Amino acid sequence: MYYLGLKFLLLTGCLLGYGTAAAQRDPYEAERRQMVRTQLQARDIHHRATLRAMGTVPRHLYVPAAQQRFAYQDRPLPIGYGQTISQPYIVGYMTQIIRPEARHNVLEIGTGSGYQAAVLAEIVDQVHTIEIVPELGQTARRVLGQHYDNVRVKTGDGYYGWEEAGPFDAIVVTAAAEYIPPPLVEQLKDGGKMIIPVGSPFQVQLLMLVEKKGSDITTRTLMPVRFVPFTRASQDQ
Ligand code: SAH
């Protein structure tokens, strides 16, 4: 009797212990799975690597503590300094459309929270990301550094790209520019793709896909979006 009781105790102890540890490891796992199902798969996100990456990255770790419980909701969230982390669907859409592959080197302009960079880092070989607000760059560098060794974060004006780290298979711009910065087109590989919101601040902007084939540059308008503005270093002075 005593022996059986002890065994039972040990067994429940183990189960409880395991359950608690798993919940502590990731209390948002169920919400994240639901986000992938209802916000991505139920719409038009079907690229397997993108779905896998967004099902893996703990989005709640990329937002300020006060926003964590909203991290998996169907909307952008404030991350400080007047900036936002994009809505999950937009991240999925932008990731899927560049067709990221394991051997790729990708540039992101507008690190913000670091979430888009993390999603890319799950899929591709190298991610280079540039943020103009030093404090945001610093926070993102810290959280990304805890999970990835294939992401480099630089502080500066992304208009000029990152020439020494290029050329890039893809470029993801997550702030709305008035026009497509020529240095970014320059730093795309032959066959490379860039996704960028183009338009004036605080008006409807258009998400555009730019493709480079030899000396040919083609652009395609995808959908209306609303992003924070692409700021320039000189305007801050
Ligand atoms: N990709 C981010 C979205 C952040 S919002 C995420 O996953 O959270 C866009 C970011 O672009 C902001 O943090 C803003 O500060 C930054 N940004 C705006 N203009 C920029 C520029 N010229 N160069 C680099 N970053 C810029």
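**Helix packing, sheet order and ligand shell**

The cover over the buried residues of helix α3 includes α2, α4 and α5. In this predicted model, the buried residues of α3 are Thr50, Ala53 and Met54. These residues span an arc of only 95 degrees around the helix axis and therefore lie on the same side of α3. This arrangement may be read against the general geometry of the α-helix, in which there are 3.6 residues a turn, so that residues three or four places apart point the same way.

Helix α4, which comprises residues 88-97, is mostly covered, with 7 of its 10 residues buried. The buried positions are Pro88, Val91, Gly92, Tyr93, Met94, Thr95 and Gln96, and they pack against the helices α2 (29-41), α3 (48-56) and α5 as well as against the strands β6 (168-173) and β7 (188-198). Just after α4, Arg99 adopts a positive phi of about 50 degrees, although Arg99 is not a glycine. Arg99 is placed in the loop between α4 and β3, and counts as partly exposed because it has 13 C-beta neighbours inside 10 Å.

For the protein chain as a whole, the secondary structure amounts to 7 helices and 9 strands, and 38% of the 237 residues count as buried. Among the contacts in the chain with a separation of 6 or more, 53% are between residues 24 or more positions apart.

An open sheet of mixed pairing is formed by 7 strands in the order β5-β4-β3-β6-β7-β8-β9. Strands β5 (151-155) and β9 (216-225) stand at the edges with a single partner strand each, so that one side of each has no neighbour in the sheet. On average, and with direction ignored, neighbouring strands of this sheet are turned by 15 degrees against each other. Within the sheet, strand β3 (residues 105-109) pairs with β6 in the parallel sense over 4 bridges, and Val106 stands opposite Ala170 in β6. Helix α6, formed by residues 134-147, lies across β4 and β5 and runs at about 165 degrees to β5. In the loop between β5 and β6 lies Pro167, which is joined to Gly166 by a cis peptide bond with omega of about 0 degrees.

Strand β1 (residues 77-80) runs antiparallel to β2, to which 3 bridges join it; Pro78 has Thr84 in β2 as its bridge partner. The two strands form a hairpin with 2 residues between them, and Tyr81 in the turn has a positive phi of about 55 degrees, although Tyr81 is not a glycine. With 14 other C-beta atoms within 10 Å, Tyr81 is partly exposed.

The ligand is surrounded by 24 residues, of which Gly110, Gly112, Ser113, Gln116 and Gly158 come nearest. Elements that each supply at least two residues of this shell are β2 (83-85), α5 (115-123) and β4 (126-131), and β2 gives the most, with 3 residues. By residue type, the shell around the ligand divides into 11 nonpolar, 10 polar and 3 charged residues. Strand β2 is thus described in two settings, as the antiparallel partner of β1 and as a contributor to the shell around the ligand, while α5 belongs both to that shell and to the elements against which the buried residues of α4 pack.

Conventions: Residues numbered from 1 in each chain as written. Predicted model: local features only at pLDDT ≥ 70, side-chain atom pairs only at ≥ 80, totals over all residues. Near = placed C-beta within 6 Å. Nonpolar A, V, L, I, M, F, W, Y, C, P; charged D, E, K, R; others polar. Buried ≥ 20, exposed ≤ 12 C-beta atoms within 10 Å, placed from the backbone. Contact = placed C-beta atoms within 7 Å. Pairing = 2+ DSSP bridges. Axes fitted to C-alpha atoms, helices over the stretch in contact; angles between N-to-C directions. Arc of directions from axis to C-beta.
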